[in-house]
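The following exercises concern the arrangement of two protein chains, their contact and their DNA-facing surface. Each task is followed by a solution in steps.

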2 protein chains.
Amino acid sequence: MSVTGIDGCVVRVVDADKVAAVRTSLPADEDVFELADMFGLLAEPGRLRLLASLLEVGELCVCDLAAVSGMSESAVSHALRLLRAHRVVQVRRAGRRNYYRLADSHVRMLLDTALAHTEHTKARQTDVGHS
Amino acid sequence: MSVTGIDGCVVRVVDADKVAAVRTSLPADEDVFELADMFGLLAEPGRLRLLASLLEVGELCVCDLAAVSGMSESAVSHALRLLRAHRVVQVRRAGRRNYYRLADSHVRMLLDTALAHTEHTKARQTDVGHS
DNA sequence: CTTACATCTGAACAATCATTCAGATGTTGG
DNA sequence: CCAACATCTGAATGATTGTTCAGATGTAAG
C-alpha cells in the first residue's frame, strides 16, 4: 500500500518494517553473487560427481575422474579448469599426470551437508524395506 | 594404464582400486541429479535473496519480496513458481495477497551453512579493521 | 457489476553454459 | 630426438535459462 525507494526506484510495499529489517540483515550484493556462483559450481551433475569423488578419496588424476564420473576427459578438463579458476580444487603434478584435490573448505562443508542428507534419506528408505 | 567398462564403454584408468571404491560410494544417478537441481535453485542471486529473506523473516508477500530483492514482481513470481514446483517454498493466501515461506529443510540447512560462512568471513574482515 | 488491485502466466528474446572436436602443450622413456 | 602419452585449450554448437512484456486470472471494495 505504501511506497519506498530502493535502487532509487519506487516500489509498492505492504509491510515496510519487515522489508526494512530484512534488507539490512541480507548479505551484501557482492556476497550474494559470490554465493550464487559457488552454488552454480555445484549445480551440475558432472561437477558434483567430480567434487564428491574428491571429497571421498582425497586425490585423483584426470583420467580416473573421467572414469568415475562417466564424462569424457576433455569435459572433465574443462570442468576442472572452471573449478580451479574458482579455487575450489588444487592441482599436484606427478610426472605427466595431474592430481586434483579439494581446496575450499566452504565447498567441502556444503558438499558434506548435501551428501549427508542424501545418504540419510537413502538410509530411511532402506529401513522401510527392512522386513 | 589399464582399461575398464563403465557404461559399457572402455576407459583408461590409473588407480583401478580407487576408481572402483569411489564409484560404489558415490550417490546414485538419481540422487546426483536431484542434488544438482537443488543447488541450481540456489545458484541465482535473485532466488538466493528471496530464500535468504524468507529464512530471515519467515513469511513475505510477493510485492515485499520484490522490494527486498530488487526484482520486478513478474520476475519474483516466475522465481517463486519454480521454487514452488520444487516444493522449496509454500504459499498461504490472505485476501488478494500470497504469502510465501520456506518449506524444505534440506534447502534451509544448505542456506544456513552458506550464509553462516558468509557472515563468518565478514566478521573476520571486520575484526581486521578493528584498530 | 464494475473498478482497482495482486499475482500469475506464456511467448519471445538475450545470455549463459556444457559438450564436442581437433589440435596444442608439455611429459616420459627409449 | 622421437613417439606415445596425459592433459589442456579454443572455437563452435546445441541446450538451458532469466528477464521482459502484455495480458489473463482471481480477489476485494464501492
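**Exercise 1. Determine how chain A is related to chain B in this predicted model.**

Solution. Two copies of a chain are related by a rotation about an axis and a shift along that axis. Here, a turn of 180° with a shift of 0.0 Å along the axis lays chain A on chain B, and the RMSD is 0.0 Å. The two copies are therefore related as by a two-fold rotation axis. The same surface serves both copies, since 98% of the contact residues of chain A recur in chain B.

**Exercise 2. Describe the side of chain A that touches chain B.**

Solution. Begin with the extent of the contact: 50 residues of chain A meet 49 residues of chain B. Next, assign the residues to elements. At least two residues each are supplied by strands S2 (10-13) and S3 (60-61) and by helices H1 (16-25), H2 (29-41), H3 (45-57), H4 and H6 (105-128) of chain A. H6(A) provides the largest share, eight residues. Finally, classify the residues on this side of chain A: 30 are nonpolar, nine polar and 11 charged.

**Exercise 3. Establish how H4(A) is oriented relative to H5(A), and which residues make their contact.**

Solution. Two packed helices are described by the angle between their axes and the distance between the axes. The axes of H4(A) and H5(A) come within 9 Å and cross at roughly 110°. Angles of 65 to 115 degrees count as roughly perpendicular, and H4(A) and H5(A) are therefore roughly perpendicular to each other. From H4(A), the contact involves Val62(A), Cys63(A), Leu65(A), Ala66(A) and Ser69(A); from H5(A), Glu73(A), Val76(A), Ser77(A) and Leu80(A). By type, these residues comprise six nonpolar, two polar and one charged.

**Exercise 4. Assess the burial of H4(A) and state what follows this helix.**

Solution. A residue counts as buried if 20 or more other C-beta atoms lie within 10 Å of its own. Seven of the eight residues of H4(A) are buried, so this helix is largely enclosed by the rest of the structure. Among the buried residues are Val62(A), Asp64(A) and Leu65(A). After H4(A) comes Gly70(A), with a positive phi near 80°.

**Exercise 5. Characterise the surface near DNA strand D.**

Solution. DNA strand D is surrounded by 24 residues, the closest being Cys61(A), Val62(A), Cys63(A), Ser77(A) and Gly95(B). Two or more residues each come from H4 (62-69), H5 (73-85) and strand S5 (97-102) of chain A, and from H5 (73-85) of chain B. H5(A) gives the largest share, six residues. The surface holds eight nonpolar, nine polar and seven charged residues.

Key: Residues numbered from 1 in each chain as written. Chains lettered and ligands numbered in written order. Predicted model: local features only at pLDDT ≥ 70, side-chain atom pairs only at ≥ 80, totals over all residues. Near = placed C-beta within 6 Å. Helix = DSSP H or I, 4+ residues; strand = E, 2+ residues; numbered from the N terminus. Nonpolar A, V, L, I, M, F, W, Y, C, P; charged D, E, K, R; others polar. Contact = placed C-beta atoms within 7 Å. Axes fitted to C-alpha atoms, helices over the stretch in contact; angles between N-to-C directions. Parallel < 35°, antiparallel > 145°, perpendicular 65-115°, else oblique. Least-squares fit on C-alpha atoms with pLDDT ≥ 70 in both. Buried ≥ 20, exposed ≤ 12 C-beta atoms within 10 Å, placed from the backbone.
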